Amino acid sequence: MLALIAAGSIFFPGLFLLSKQNLKHLKGWSEGDAAIVSTRLVSSIQAIMASSAGCIIASSCRDVVEDSHWLTNTYILFATPYFAYDIYAMFLCYWHKLQVKGHEEEGVRSKRAAVAGYLRREMLMVLHHIFLVAFCFPASLLWRQGKGDFFQGVLFLAELSTPCVCLGKVLIQYKQQHTLLHKVNGVLMLLTFFSCRVLLFPYLYYAYSRYASIPVYMVPLVAPWQCNLGAALLWPLQLYWFTLICRGAIRLSTTGCSKPSSKADHDGCLTKCNGCKLHQED
């Protein structure tokens, strides 16, 4: 168990540092640009690994309660350090963005002030990550008592939307909001986020209702309290973030963001697209 946690604690920060150094030396990128893109890369790789594990587990478990798969606990142990690492990585992204010209008016003069600003801006995301480590980790590893690997595998599939979110952030960073890639990625993000996050918890309750041959509305009455608590806290966050994504998509489609013909047009377009919240998430 400790070996897997240690492996995850080395793998994700190590991958971040390796990616950042390669981007700096091979591409000549600045520290800030390399750190931000490396953060998105690591998040995407973790998401692909989690989604792949979820597909394998969910497809292997015929009995949604009793069947088990060795990959379930293995990936939980390996991936848990990622969420602690990601809190710090997100702060680094925030810190480097503050160093970009045009942000001096925010008055950040020290990392202590930056931490306060970061927590104000990303409080929901930070609490989400802390909850995953402090509550979901013991719930998934210990309180399940070896049952329900199918449901855990389906939960892993929530990460399927993360690569689209990360790509959207990178495209915004490099002012590519006018491209076809950005538009296609936005559609894919909407579809994957809705399918794998918004519909996730209703599907879990539906799957158990079929297993137990009871109505869906009865499932919360018989499900373990840990499952109900987790769903009650995590599902509203997904609905909130999906609402932001939809608002951004509507704003983008109504205001438009065609390829700018001048620097002034480009700056105005960037302002609108940055405000659209298409890059908000997990």
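# Twelve helices, turn by turn

Visitor: Where is Ser 213 found?
Guide: We're looking at a predicted model here. Ser 213 has a positive phi of about 55° although it is not a glycine. Its relative accessible area is 65%, and over 50% counts as exposed, so Ser 213 is exposed. As for the place, look at the loop between helix 9 (200–212) and helix 10 (219–222).

Visitor: Is Gln 145 buried or exposed?
Guide: Gln 145 isn't a glycine either, yet its phi is positive, near 55°. You'll find Gln 145 in the loop that links helix 5 (123–143) to helix 6 (149–156). The relative accessibility of Gln 145 is 69%, and the cut-off is over 50%, so this residue counts as exposed.

Visitor: How many helices are there in the protein chain?
Guide: Go along from the N terminus and the elements read α-α-α-α-α-α-α-α-α-α-α-α. Strands number zero in the protein chain. That leaves the helices, and the count is 12.

Visitor: What percentage of the protein chain's residues count as buried?
Guide: The surface first: the chain exposes about 14600 Å², and carbon and sulfur atoms supply 67% of that area. Now the inside: to count as buried, a residue needs under 20% relative accessible area. Of the 282 residues in the chain, the share that passes is 47%.

Visitor: Which helix supplies the largest share of the largest nonpolar core?
Guide: That core has 44 residues, and those with the most contacts inside it are Val 42, Tyr 75, Tyr 85, Phe 150 and Phe 151. The elements giving two or more residues to this core are helix 1 (2–27), helix 2, helix 3 (70–98), helix 5, helix 6, helix 9 and helix 11. The largest share is 11 residues, and it comes from helix 3.

Visitor: How many residues does the other core have?
Guide: Before leaving the largest core, take Tyr 75: neighbours within four places in sequence aside, it is in contact with Gln 46, Met 49, Ala 50, Ala 53 and Phe 156. The other core lies apart from that one, and its members include Ala 114, Met 189, Val 198 and Ile 245. Its residue count is 19.

Visitor: Why is helix 6 largely enclosed, and which helices are among those that cover its buried residues?
Guide: Seven of the eight residues of helix 6 are buried, so the rest of the structure largely encloses it. The buried ones are Asp 149, Phe 150, Phe 151, Gln 152, Gly 153, Val 154 and Phe 156. What covers them includes helix 2, helix 3, helix 5 and helix 9.

Visitor: Which residue's side chain is joined to that of Tyr 205 by a polar contact?
Guide: Tyr 205 sits in helix 9, and with a relative accessible area of 17% it falls under the 20% cut-off, so it is buried. Not counting residues up to four places away in sequence, Tyr 205 touches Val 216, Val 219, Pro 220, Cys 227, Asn 228 and Ala 231. The polar contact spans 2.7 Å, and the partner is Asn 228.

Visitor: How far apart are the C-alpha atoms of Tyr 205 and Phe 151?
Guide: Phe 151 is one of the buried residues of helix 6, while Tyr 205 belongs to helix 9. Along the chain they are 54 residues apart. In space, their C-alpha atoms are separated by 9.6 Å.

Visitor: Which residue's backbone nitrogen lies 3.0 Å from a polar atom of the side chain of Ser 38?
Guide: Ser 38 is in helix 2 (residues 31–60), and its relative accessible area is 0%, so it is buried. Leaving out neighbours within four places in sequence, its contacts are Phe 16, Ser 19, Lys 20 and Leu 23. With Ser 19 there is a side-chain to side-chain polar contact of 3.0 Å. The backbone nitrogen you asked about belongs to Lys 20.

Visitor: Which helix gives the largest share of the nonpolar patch?
Guide: The patch is formed on the surface by Leu 142, Trp 143, Trp 225, Leu 229 and Leu 233, with about 530 Å² of accessible area together. Helix 5 and helix 11 (225–255) each supply at least two of its residues. Leu 229, one of the members, has a relative accessible area of 32% and is partly exposed. The largest share is three residues, and they come from helix 11.

How values were computed. Residues numbered from 1 in each chain as written. Predicted model: local features only at pLDDT ≥ 70, side-chain atom pairs only at ≥ 80, totals over all residues. Heavy atoms only, no water. Helix = DSSP H or I, 4+ residues; strand = E, 2+ residues; numbered from the N terminus. Buried < 20%, exposed > 50% of the residue type's maximum accessible area, 1.4 Å probe, protein only. Patch = residues over 30% accessible without salt bridge, like charges linked within 9 Å, V, L, I, M, F, W, Y side chains within 5 Å. Areas by Shrake-Rupley, 256 points an atom, 1.4 Å probe, with all protein chains shown as cover. Salt bridge = Lys/Arg side-chain N within 4 Å of Asp/Glu carboxyl O. Polar contact = N/O pair within 3.5 Å; in protein donor to acceptor, adjacent residues only side chain to side chain. Contact = heavy atoms within 4.5 Å. Core = buried A, V, L, I, M, F, W, Y, C linked by side-chain atoms within 4.5 Å.
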